[in-house]
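Colleague: I'd like a close look at one helix pair and how it sits in the rest of the chain. Could you walk me through that part?

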Amino acid sequence: MWFANFFIAGSITMVLPFLSLYIEELGNYTEAYVQTWSGWVFGITFVSAFLCSPIWGKIGDKYGRKNILIISATGLALSVFLMGFVTSVWQLFLLRLFMGIFTGFIPMSQALISTQTPKNIAGQVLGSLQTGSITGSLMGPLLGGWIADSIGYATTFQYVSITVALSALIVYFGIHEQRIKKEGDHEKTSYQSREVLAHIFKHPVLLMVMIVSLFVQIAHFSIQPILSLFVGDLHGPENLALFSGIAFSAAGLGNLMMAKQWGKIADRIGYVKILVFLLFMAGIVYLPAAFVTNIWQLVVLRFLLGVSIGGIIPVRTAYIRQEAPVAMQGEVLGYNTSIRFLGNIIGPSMGGMIAGFYGFSMVFFVTSALLVISGSLLFLAMNKSMTSAKHIPGY
């Protein structure tokens, strides 16, 4: 599963550094137009993903998650391949929308591994799994930028689709799923959606963790679609795709170094406490990026951001592993993924519009504030729950 996540993450992130540059090639557009449409094209994938994630999660709980992973990788490969042939922004926009139906491979792989893992080491194991997608995300932008500069943007999409298809083959031949129906006598072997939603709302900290996921994604993805344009302002047009890839990958390097460590620490100290710490840390690190004057200052800050962001996904998933019965974990993670994708919709669009009207620096100010607010809300929810109950599972 590590290698499958590596190929998926690496393949998808290969195209991110030059997505806005690809839009520039499709017509004679103004800078504001490119910035705005970069946000919409980047974010539209997550509209269909937002709608489909709980459905895939429920199907995975019922029929097994391995088959869903194969379908997801195949759909991604097809959509990425067709992106290499577009001739207008609207065609790219529609293909990104179609791609979103299948954008859930990594969250579904986390759900699969989560159900196969004992609760007391879930953070460490999910952190190790996270290093696969992080390594792919680290190498993808660098490799994608180099390939795009060498052979062009359109051809790069076509080559990327091949590596995505490899993930489907890896899952088909290399993964054996052991179906676990329940972990205790009090658990059921299946749950209706209303029971899953009732479980979420009856656990306030779990609900707040999922709501915070929305704000984290809004903050993190607000800068993603316009990062290459920001790099262009700092560095100039020379080897722009390559330096955009370096800026993307710097966060991946910090993420790679700390994801497993954060999971291990959270297993020992408590998942929610570590989440609060990481949110405040990320908010503090994001702010100075508004004042950078050269590319290498941005790269250093992106690395520090990766260190803080690196633990959020595995720690959050491990907490859900603690709080949700095994027979509903896929659907609960599906709702959490759906909420994250909603943030992915709002973030790029918001970032593109803020940059278009107020400049790049304002995006960093807003992002930093959102992360600090997220940490504050989760901290309040944690304290309230600790006050009302002496023992909260997962603390």
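Modeller: Here is the pairing of H4 with H5, followed by the core and the whole chain. Keep in mind that this is a predicted model.

H4 covers residues 65-83 and H5 covers residues 89-99. Their axes come within 9 Å and cross at roughly 175°. Angles over 145 degrees count as roughly antiparallel, so H4 is roughly antiparallel to H5. On the H4 side, the residues in contact are Gly75, Leu76, Leu78, Ser79, Val80, Leu82 and Met83. They meet Leu92, Leu95, Arg96, Phe98 and Met99 in H5. Sorted by class, that contact has 9 nonpolar, 2 polar and 1 charged residues.

Leu92 is worth following further. Along with Leu298 and Leu378, Leu92 touches the most other members of the largest nonpolar core, which has 99 residues. Helix H10 (residues 204-221) gives this core its largest share, 11 residues. As for Leu298, leaving out residues up to four places away in sequence, its contacts are Leu227, Phe230, Val231, Leu234, Ala247, Ala289 and Val292. There's also a second, separate core of 10 residues, with Met108, Leu112, Val171 and Ile175 among them.

Zooming out, the protein chain has 17 helices and 0 strands. Of its 395 residues, 59% count as buried. If you take contacts between residues at least 6 apart in sequence, 85% join residues at least 24 apart. The accessible surface comes to about 15900 Å², and 69% of that belongs to carbon and sulfur atoms.

Key. Residues numbered from 1 in each chain as written. Predicted model: local features only at pLDDT ≥ 70, side-chain atom pairs only at ≥ 80, totals over all residues. Heavy atoms only, no water. Axes fitted to C-alpha atoms, helices over the stretch in contact; angles between N-to-C directions. Helix = DSSP H or I, 4+ residues; strand = E, 2+ residues; numbered from the N terminus. Parallel < 35°, antiparallel > 145°, perpendicular 65-115°, else oblique. Contact = heavy atoms within 4.5 Å. Nonpolar A, V, L, I, M, F, W, Y, C, P; charged D, E, K, R; others polar. Core = buried A, V, L, I, M, F, W, Y, C linked by side-chain atoms within 4.5 Å. Buried < 20%, exposed > 50% of the residue type's maximum accessible area, 1.4 Å probe, protein only. Areas by Shrake-Rupley, 256 points an atom, 1.4 Å probe, with all protein chains shown as cover.
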